[in-house]
Amino acid sequence: MADALALKGVTRRLGKFVLGPLDLEVPRGGVTALIGRNGAGKTTTLDLLMGMGRADAGAIEVLGLAMPRDEVAIRQRVAYVNPDISFQAWGKVGRALDFVSGFYPDWSQPRCDALLSAFGIARGERIAALSFGARIKLSLVMALARDAELLLLDEPAVGLDVEARRKLFSEILDFVRRDDRAVVISSHQLSDLERVADHVAIIDAGRLVLFSRMDRLVERFTLLDARLATVGAMPSLDGVKLLTREGERLRLLFDRDCARLDQLAPAGIEILSETSMTLEEIFVALVGGEN
């Protein structure tokens, strides 16, 4: 079975911003978190997967199909949620749902009705009068009412209240119980992603920084509080990133895949303590701080 998606050497230029070259393979049967700072290229990447814009170079495959050659077939099998999508042209919720449902043979009306009830939306409500959070809920209903193979969710939790967020992540976990399905979700709610994601892809300035299983990621990186034994610059060591320094005291990001702890003492670095890290702390350490 083909991966959920595969990007090979994908490049996209938008003004001064350049995405890529980007190489990324996402398996089926799980949830992949796509995280990065604002402007890192997350939305651009998701848009390319749905044919919203064309890559300048490289190859994109979604569910074993090639974009843009198989764009229509891809759209039939993939559901996309983006906070910028507007449905106001249809006036009322029911009209928008009736219009969208006609394009998808995998649409389930009973499922749609259950989701409307769960998210507290009525078919008779005017879309223009919905709050931002309610418009996100409507977009989620349209995606989750289908029997899609892949969900692409761009900031789906923004504007949602606690109960709606809980419902969203419950639906995501139910969705990937089948091994032939996959979810790619971009969100700034990293604590939520840490609980539900099987894989994480970190993107920064248009480039892939890291792709890893979530459980492997938190095993790989650790935070060290250390002391520099000699005056002067900290020695350069593979797998050791300086985060902060106050005099001789150091805070270091340590990568177990690239270095061993017993290499630090010969380099004049004394370990004072070692602390496990959350996804958010790892993300901040990887895309910020000093080299």
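Start with residues 240–255. Strand S12 (residues 240–246) and strand S13 (residues 249–255) run antiparallel to each other and pair over 6 bridges. Keep in mind that this is a predicted model.

Pick Leu-242 next. Its bridge partner in S13 is Leu-252. Now move to the turn. The hairpin of S12 and S13 has 2 residues between the strands. Select Gly-247 there: this glycine takes a positive phi near 65°.

**Zoom out**

Show the whole protein chain. Its secondary structure comes to 9 helices and 14 strands. Along the principal axes, the C-alpha atoms fill a box of roughly 70 × 40 × 35 Å. The chain has 291 residues, and buried ones make up 49% of them.

**Strands S1 and S2**

Go to residues 5–14, which are strand S1. Add residues 17–26, which are strand S2. S1 and S2 pair in the antiparallel sense, with 7 bridges. Click Arg-12 and look across to S2: Leu-19 stands opposite.

What phi does Gly-15 take in the hairpin of S1 and S2? It is positive, near 65°. This hairpin has 2 residues between the strands.

**Strand S4**

Keep S1 on screen and add residues 57–62, strand S4. The two strands pair over 5 bridges, again in the antiparallel sense. Select Ala-6 and find its bridge partner in S4, which is Glu-61.

**A charged patch**

Stay with Glu-61 and add Asp-3, Asp-23 and Glu-25. Together these four residues form a negative surface patch. So Glu-61 is both a member of this patch and the bridge partner of Ala-6, while Asp-23 lies in strand S2.

Why does Asp-23 count as partly exposed? Its relative accessibility is 47%, and the partly exposed class lies between the buried limit, under 20%, and the exposed limit, over 50%.

**Helix H1**

Last, select residues 42–49, helix H1. How many of its 8 residues are buried? The count is 7, so the helix is mostly covered. Color Lys-42, Thr-44, Thr-45, Leu-46, Asp-47, Leu-48 and Leu-49 to see the buried set. Charged residues are part of it, including Lys-42 and Asp-47.

Then step past the helix to Gly-51. This glycine follows H1, and its phi is positive, near 80°.

Methods
Residues numbered from 1 in each chain as written. Predicted model: local features only at pLDDT ≥ 70, side-chain atom pairs only at ≥ 80, totals over all residues. Heavy atoms only, no water. Patch = residues over 30% accessible without salt bridge, like charges linked within 9 Å, V, L, I, M, F, W, Y side chains within 5 Å. Areas by Shrake-Rupley, 256 points an atom, 1.4 Å probe, with all protein chains shown as cover. Salt bridge = Lys/Arg side-chain N within 4 Å of Asp/Glu carboxyl O. Charge placed at Lys NZ, Arg CZ, Asp CG, Glu CD. Helix = DSSP H or I, 4+ residues; strand = E, 2+ residues; numbered from the N terminus. Buried < 20%, exposed > 50% of the residue type's maximum accessible area, 1.4 Å probe, protein only. Pairing = 2+ DSSP bridges.
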